[in-house]
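Work through the exercises below with the sequence and the 3D view open. Try each task before reading its solution.

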Amino acid sequence: MLQALRPPQPRQRLVLVGNGMAGVRTLEELLKIAPELYDITVFGAEPHPNYNRILLSPVLAGEQTLDEIVLNPLAWYAEHGITLHTGKAITRIDRVKRVVEAADGTTAPYDRLLLATGSLPFILPIPGKDLPGVIGYRDIADTQAMIDAAAQYRHAVVIGGGLLGLEAANGLAKRGMQVTVVHLMPWLMERQLDETAGRLLQQSLAQRGIRFEMGVQTEALIPDAAGRVMAVRFKDGREIPADLVVMAAGIRPHTALAASAGLLCERGVVVTDTLQTVTDPRIYAVGECAAHRGIAYGLVAPLFEQAKVCATHLAQFGIGRYTGSAVSTKLKVTGIDLFSAGHFMGGEGTEQIVLSDPVGGVYKKLVLKDDKLVGAVLYGDTVDGSWYFKLLRQGRPVADIRDKLMFGESSLGDTGHAGVNKAAALADSDEVCGCNGVTKGAICKAIKAQGLFTLDDVRKHTKASASCGSCTGLVEQLLMTVAGGDYSAAPKTKAMCGCTDHGHQAVRDAIQANHWLTIDQVYRGMDWRTPNGCASCRPAINYYLLSTWPKEAKDDPQSRFINERSHANIQKDGTYSVIPRMWGGETTASELRRIADVVDKYRIPTVKVTGGQRIDMLGVKKEDLPAVWKDLAMPSGHAYAKALRTVKTCVGSEWCRFGTQDSTQMGKDLERALWRMYAPHKVKLAVSGCPRNCAESGIKDVGVIGVDSGWELYVGGNGGIKTEVAQFLCKVKTPDEVLEYSGAFLQLYRLEGWYLERTCHYIARVGLDHVKKKILDDADGRRALWEQLQFALDGEPDPWFEFEKAQVDLRQFAPIQPAITVEQGA
Amino acid sequence: MNAVVTTEVTETRWVEVCAVADIPELGARRVARPAGLPVALFRTAGEQVHALLDRCPHKGGPLSQGIVGAEHVFCPLHNWAIALADGQARAPDVGCTPAFRCRVQAGRVLLDADELATHALDLPAPTAGPCRHG
């Protein structure tokens, strides 16, 4: 009874200081996972709701309006019961009483406090810095002041030739002012660009009428009679007219408030991997004001990643750690594409690959060190920026792709968007994503209307680049123009799926290290967020268990995609296709007769010859599958599985007047040795009997080409989304060696590949040298791999016939027929 | 199968379709109907059973063939996540597949006979065949 009388437990109080992108993003993440936990109060020094600061430049340039860049309208705060104080800067934190106080005397008590005070422009300590007409460039008020000045005055001087300064200069020039950029260093954006790219940039901005004073130091700002700035004087004594001076010489984390409350501040408010301040665990800091492992991040992607981690801790889940971000810069000056990442300047021990076409306006520089890509600068054509950034983060050796590196991923036979590499050149009605039929207009509209920020957001909402991914670069460019950038955080490891933060490698390693045999052990052992996972992680883990612990781990059919559960390939209408195995692409009259009879008997609507030299029967009803298999009396073709598919062959020396080797027999031997082999993804082989290569061995996972003196082996080819030509692995003499080397390579791939990673992507990740080391240099290791594979495949059932052994649940084929007595008029 | 039709105070006529054990854990079965598309029965990790029309709101994929999670089934055609409890697609996808009343009694799965006979009869099966654009 006493309990019933007690008033309900009051909610905890969370106060956010700083109503900007990092802080509000943290609240959004928090509300997603724990909407009822806190009474939330927000203080913002500016009189506006949260807006997209990155888009101030387009506003200045007159390309967007202030209304358009608001991210969270006032209604959003109301809807979530958030108390919002705009125009109130917090001046004091009382950590003992746990109260914050604003300049106007408003106070708010807190249980947890989140600091997201951002940064302040660095104002040069020179005479005249406080004159009217001298401003920083940080917020809406600054932007408005520039717009007003442009309407009245003629001469603008921007001090600082970094990204912010150039955007300001570009905007002011567009509004009709005569703009001069003053830069201390010899070239523009020296922190993101090398000299050549910096000069190209200067050239194209100069063509727009912007003037430059390079390598020049400002000494003083001179007032006119009325006390407003009228000129800038340099150290060398020269003066240039200036009715408006924009200080864009850098930013400093805004830490004054935190410091006054006794919180440890170095480059910013010092925080741990959980985004808590090291001084007071009740106080968190995110965004530009926070220093994590010595770095105060100024780009939005890391801030969003911090927001996500911080929210999980505020929500008291106690999971998630922020371990830092790798950053790249894509720069947004309308009409100029720039990208830079890593150590783009080069230096001791580095090599450079450079493509320079100043007239065409393209410049690319790649910096390599110890056979790895360590930096990149792209000017004029940035579509491959994300690819270079990926290579850079992965730190994979690039010797094997060095000759192609400069021409980018898109040069490797991208299909689906006809080689377009500039989103700006597309019309709204042009298709960007050929897989899902998404136009540029649809993507731009979704980014604006739904407030999308990251590549993942765009993929979820529009499906653009969500299937084959070859238009990713274009979608990123659209994010750049519409949202001001792609804010996808770039964590060092990519999570397997939404159910976990662990990446594929971590899961593989843990299964190996802990001898885990069931999916549940993985989920419990690695703190999965969902009790039964999802359609992405369950099949992957099921595969990892089976490939790591063959004959020990038990297959879980319910964790397999339907095709591998029903051993046929689901079609758009819910029927299935059936492809029986034809060893090496050879068949017989009797097999063809049986196929014809089955087609007639089960009224199969379409019969088609596949690219893998087999016959596909399409439109089979699920109920008919077991009977179709039985009547065909041919082995399963596994055409539905992440497994060995076909071994394509040419007729070879048996018939062909050019043939040097018996490729058909080699193909049949390979297929008989490897069929029933599940793998991270589908696996296709081919054997050609001479270098004319009629079996297309050059685009197969393992391609074999017979030559007079033996066999050449190629690996990692792919005829798919990106046509990848297989790479030469080695030359061997005998058919037995072909089996051993091919088998060992495939077993290596089975053990090290990530689920849904084709051999070409696997090799791209680990490097061909790694494969050569394991297969060519280590003979014992190679034989061991080949034996392991034979052990794993020994006794594997044919799922079309050995139902019990293959765990084929026969109940799935026929629907339940309940005896419903429909009582008329009941 | 011996179906037992019982009448309750609510006048729901429950028809027994199968045992819970007839549905694989984290799996599904299809229940044919006299008319209309089949109903998909889903069994979660426990004894819970949900019933939805066997048709994804996206392109009509047979949900009974999807991978079953704790709260969603993932459509086998394009991986939409459909809530087992009410048939709603998970955001940002939008759509809903009709849900059927379903109860478990002493290890047996019961569906509403009237719903089976009359609910969502108008939704068409997906079709295949020569491609038609636009």
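A residue is buried if 20 or more other C-beta atoms lie within 10 Å of its own, exposed if 12 or fewer, and partly exposed in between; C-beta atoms are placed from the backbone. The model is predicted: local features need pLDDT of at least 70, side-chain atom pairs count only at pLDDT 80 or more, and totals for chains, interfaces and linings use all residues. Residues are numbered from 1 along each chain as its sequence is written, while chains are lettered from A and ligands numbered from 1 in the order in which they are written.

**Exercise 1. Classify Gln512(A) by burial, then place it in the chain.**

Step 1. Count C-beta neighbours inside 10 Å: Gln512(A) has 13. Gln512(A) is therefore partly exposed.
Step 2. Find its element. Gln512(A) sits in helix α15 of chain A, residues 504-514. Helices (H or I, at least four residues) and strands (E, at least two) are DSSP runs, numbered from the N terminus.
Step 3. Look across the chain. Leu545(A) is 33 residues away in sequence, with 8.5 Å between the two C-alpha atoms.

**Exercise 2. Do the same for Met526(A), and list its contacts.**

Step 1. Met526(A) has 19 other C-beta atoms within 10 Å, so Met526(A) is partly exposed.
Step 2. Met526(A) belongs to the loop between α16 (519-525) and α17 (537-548) of chain A.
Step 3. Apply the contact rule: C-beta atoms, placed from the backbone, lie within 7 Å. Setting aside neighbours within four places in sequence, Met526(A) touches Thr500(A), His502(A), Val507(A) and Ala510(A).
Step 4. Check one C-alpha distance. Ala506(A) is 20 residues from Met526(A) in sequence and 9.5 Å from it in space.

**Exercise 3. Describe helix α2 of chain A: its span, its burial and its cover.**

Step 1. α2(A) covers residues 21-33, which is 13 residues.
Step 2. From first C-alpha to last, α2(A) reaches 19 Å, close to the 18 Å expected at 1.5 Å a residue. The expected span is 1.5 Å times one less than the number of residues.
Step 3. Count burial: 10 of the 13 residues are buried, and α2(A) is mostly covered. Among them are Met21(A), Val24(A), Arg25(A), Leu27(A) and Glu29(A).
Step 4. Name the cover. It includes β1 (12-17), β2 (38-43), β7 (112-115) and α9 (300-314) of chain A.

**Exercise 4. Trace the open sheet of five strands in chain A.**

Step 1. The strand order is β32-β33-β34-β35-β36, with mixed pairing. Two strands pair if DSSP finds at least two bridges between them.
Step 2. The edges are β32 (644-649) and β36 (727-732), each pairing on one side only. The twist averages 15° from one strand to the next.
Step 3. Take one pair. β35 (residues 710-715) and β36(A) run antiparallel over five bridges. Glu712(A) stands opposite Lys731(A) of β36(A).

**Exercise 5. Which classes of residue make up the side of chain A that touches chain B?**

Step 1. Count the contact: 30 residues of chain A meet 38 residues of chain B.
Step 2. Sort the chain A side: 12 nonpolar, 12 polar and six charged residues. Ala, Val, Leu, Ile, Met, Phe, Trp, Tyr, Cys and Pro count as nonpolar, Asp, Glu, Lys and Arg as charged, and the others, Gly among them, as polar.
Step 3. Look at the partner. Chain B has one helix and 11 strands. Of its 134 residues, 45% are buried.

Notes. Two residues are in contact if their C-beta atoms, placed from the backbone, lie within 7 Å. Axes are lines fitted to C-alpha atoms, for helices over the stretch in contact, and angles run from 0 to 180 degrees between N-to-C directions.
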